[in-house]
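Student: Please show me how to read a predicted model with a bound ligand.

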Amino acid sequence: MVNSIVYLSKANREFTEQELQALCADFATKNKLLNITGFLYFKNGMFLQYIESSDDAVQTLLKTLKKDDRHTIYFECSFNTFSTICFPSWQMNWLTLNLGFNQSNQQLLLNTIQFIVNMDLSEGNHLETIKNLVLRVRDTIYCL
Ligand SMILES: Cc1cc2nc3c(=O)[nH]c(=O)nc-3n(C[C@H](O)[C@H](O)[C@H](O)COP(=O)(O)O)c2cc1C
């Protein structure tokens, strides 16, 4: 069983692409030690991050993330319905159009993420949409 968390946050300052790249490399080093994998997406001052682990490490990381004043988390959801880790080799991968995979798949993926970022979170149960997003990212990667 995999513990998964998706959250959305608002950046509290500007981030450049170079900075995000460097930050993700730093996060990846830390996540490797904690057996955490996932991805980070950033657009229009908003972060969407997916973190997963086969142990409780993700909840500990979430507590740390909530205290990080570089962003403010305004939506989070946890689930444990995946039976296997989705991104075994992504310690923390920044999702950009430069990842080097198929252009139309990338666009589909980024559009889906953008849809979630723009979703009205005050309404309905978004869990299914969010799980589908993670699976779509995974499947897009798997069909590279
Ligand atoms: C958008 C965002 C995503 C982050 N993702 C991670 C992450 O995946 N792993 C991690 O260890 N820290 C991540 N951090 C940093 C943590 O909030 C925190 O600063 C860091 O874990 C503290 O590490 P330290 O105790 O070694 O200084 C993230 C921060 C931000 C703003």
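Student: Which helix of the protein chain has the lowest mean pLDDT, and which element the highest?

Tutor: pLDDT is the predictor's confidence in each residue, from 0 to 100. Helices (H or I, at least four residues) and strands (E, at least two) are DSSP runs, numbered from the N terminus. Here helix α3 (residues 103-118) has the lowest mean, 75, and α2 the highest, 97. The chain averages 88, and 92% of the residues score at least 70. This is a predicted model: local features need pLDDT of at least 70, side-chain atom pairs count only at 80 or more, and totals for chains, interfaces and linings use all residues. Side-chain values use heavy atoms, with hydrogens and water left out, and residues are numbered from 1 along each chain as its sequence is written.

Student: How many residues surround the ligand?

Tutor: A residue is near a molecule if one of its heavy atoms lies within 4 Å of it. For this ligand there are 13, and the closest are F27, K30, N31, Q49 and D68. At least two residues of the shell come from each of α1 (17-34), β3 (46-53) and α2 (57-67).

Student: Which ligand atoms pair with the side chains of K30, N31 and D68?

Tutor: A polar contact with the ligand is a pair of N or O atoms within 3.5 Å. A ligand oxygen lies 2.6 Å from a side-chain N or O atom of D68, and a ligand nitrogen is 2.7 Å from one of N31. For K30, a polar side-chain atom is 3.2 Å from a ligand oxygen.

Definitions and conventions: Polar contact = N/O pair within 3.5 Å; in protein donor to acceptor, adjacent residues only side chain to side chain.
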